[in-house]
Amino acid sequence: MAERLSLPELPYDYGALEPAISGEIMLLHHQKHHKTYVTNFNNALQQLEDAVSKSDASAIVQLQSALKFNGGGHINHSIFWKNLAPVSQGGGEPPKGSLGNEIEKEFGSLEALVHKMNSEGAALQGSGWVWLALDKEFKRLLVETTFNQDPLVTKGSSLVPLLGIDVWEHAYYLQYKNAKADYLANIWKVMNWNYASEVYEKECP
Amino acid sequence: MAASAAAAIGSPLKCGLISSQGFSGSTRSFQWRKNEKRNVRKGCRGVITAKIDLRPPPYSLDALEPHMSRETFEYHWGKHHRAYVDNLNKQIVGTELDTKTLEDIILLTYNKGDLLPPFNNAAQVWNHDFFWESMKPGGGGKPSGELLELINRDFGSFEGFVNEFKAAAATQFGSGWAWLVYKANRLDVGNAVNPRPSDEDKKLVVVKSPNAVNPLVWDYSPLLTIDVWEHAYYLDFQNRRPDYISTFMEKLVSWDAVNFRLEAAKARAAEREEEEERKKTEYEDNQADLDAREMYLESSDADDSEAD
């Protein structure tokens, strides 16, 4: 039997990212939205195992969208919680070291990268994510978007997520309402560049 | 004087409103909006500038409380819907889309699924108009009459319909809409993403659509919709989309609107059938004429006076 997913713990208190992201949002986002993806994925996985054991091809195919959606939701949000950090734990501090250099090389400056990600996030219609990605094959950084809960890897098997910004409305609505651009501007104040650097340095030592 | 006063308060010049086109046959329009061609104004200097309007819901912003809050309306209508209208107007001004109806803009920019930039805004303007009109204060309950008969026929029972509609709304992953539509599109729309191409015609069907897509692009007649973008319910229900959907069904649905739209949809389907019959008869008559002429010419080789 495949291992069941479980909801990862948040590495900080629900209110620790204020005022950039409210405690109310963090609580709902983690305990309701992420938890639901985990629960629904596990259910779909159970149904998949049953279908596989019966060789029920039709059921196997029908379960794909639930697996992709909920599994993707879990994958993406697990990364997201690590992408963020309270200011007291280094949130918002710009990247240093090799990642910092690579950003300057690829985008000209950190500001340019932030501007690009914010523009793409703002322009995304509907629900999705905007990513800072590392193409580990070509050792290059790029900005990418995915719809709904599609993980970054659906845009390229060699893409590794360094940072992801959730632009589903649930990620900001209670605090920012329709002002998505304000959410995007503020989230950088709690961005955990340490995590991004760790991932980058592992792939590009 | 009136013009400068209007300019002073920042509203567009309204030197004259052309409304010559009458009822466009759109299912979204409630009776009292019937004769309004919403998007053609004649500026004072005689320049036609198309401008899609932000229409208010047919009730006050607090009229659906406590089921849908005033605060939700202030953002949902006052910000989101308004932004779609404003952004669409910016996108189409000075282009060939400028003087077209909203429905035409939607169909043209859908572009068989290869969406052009104005599609999202145009479709969302339409969708939100349709959504406000799908609800009413004191709504909910059950339909009656022919509508109920059709629901029983096509879904087994009213409960069967409600379950299917709720399931569609709950499982539209991400942003989008769930719909009750009247399908009577005997034509092959040649669209690979038509969700029910094999379903018989003249039946009620539940469909769901992502983001801004709506059933107009599948040549269906929408009768009812629920907005399941998170902004539609987050302030009132947070993550509890199923509760929002239940509240919509039990307390908000305007079956009057659905009835009105169904009548319009049936009328359109009948018109279309008549038109097809007429064309078919015309074609057959023409063919008969040609055949007769050929026969005539063949049998009168010696006499050229009748030939062209």
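I began with confidence in chain B: its mean pLDDT (the predictor's confidence in each residue, from 0 to 100) is 84, and 78% of its residues reach 70 or more. Residues 1-37 of chain B have pLDDT below 50, and beyond near neighbours in sequence this stretch has 57 contacts (heavy atoms within 4.5 Å) in the model.

I noted that this is a predicted model, in which local features need pLDDT of at least 70, side-chain atom pairs count only at pLDDT 80 or more, and totals for chains, interfaces and linings use all residues. Residues are numbered from 1 along each chain as its sequence is written, chains are lettered from A and ligands numbered from 1 in the order in which they are written, and side-chain values use heavy atoms, leaving out hydrogens and water.

Next I looked up two helices of chain B (helices are DSSP runs of H or I, at least four residues, and strands runs of E, at least two, numbered from the N terminus). Helix 6 (residues 158-170) of chain B packs against helix 8 (residues 241-252) of chain B at about 140°, with the axes 10 Å apart. Axes are lines fitted to C-alpha atoms, for helices over the stretch in contact, and angles run from 0 to 180 degrees between N-to-C directions. That makes helix 6 of chain B oblique to helix 8 of chain B; under 35 degrees counts as roughly parallel, over 145 as roughly antiparallel, 65 to 115 as roughly perpendicular and the rest as oblique.

Last, I turned to chain A, where 3 strands form an open antiparallel sheet in the order 2-1-3; strands pair if DSSP finds at least two bridges between them. Strand 2 (140-147) and strand 3 (159-166) of chain A each have a single partner strand, so one side of each lacks a neighbour in the sheet.
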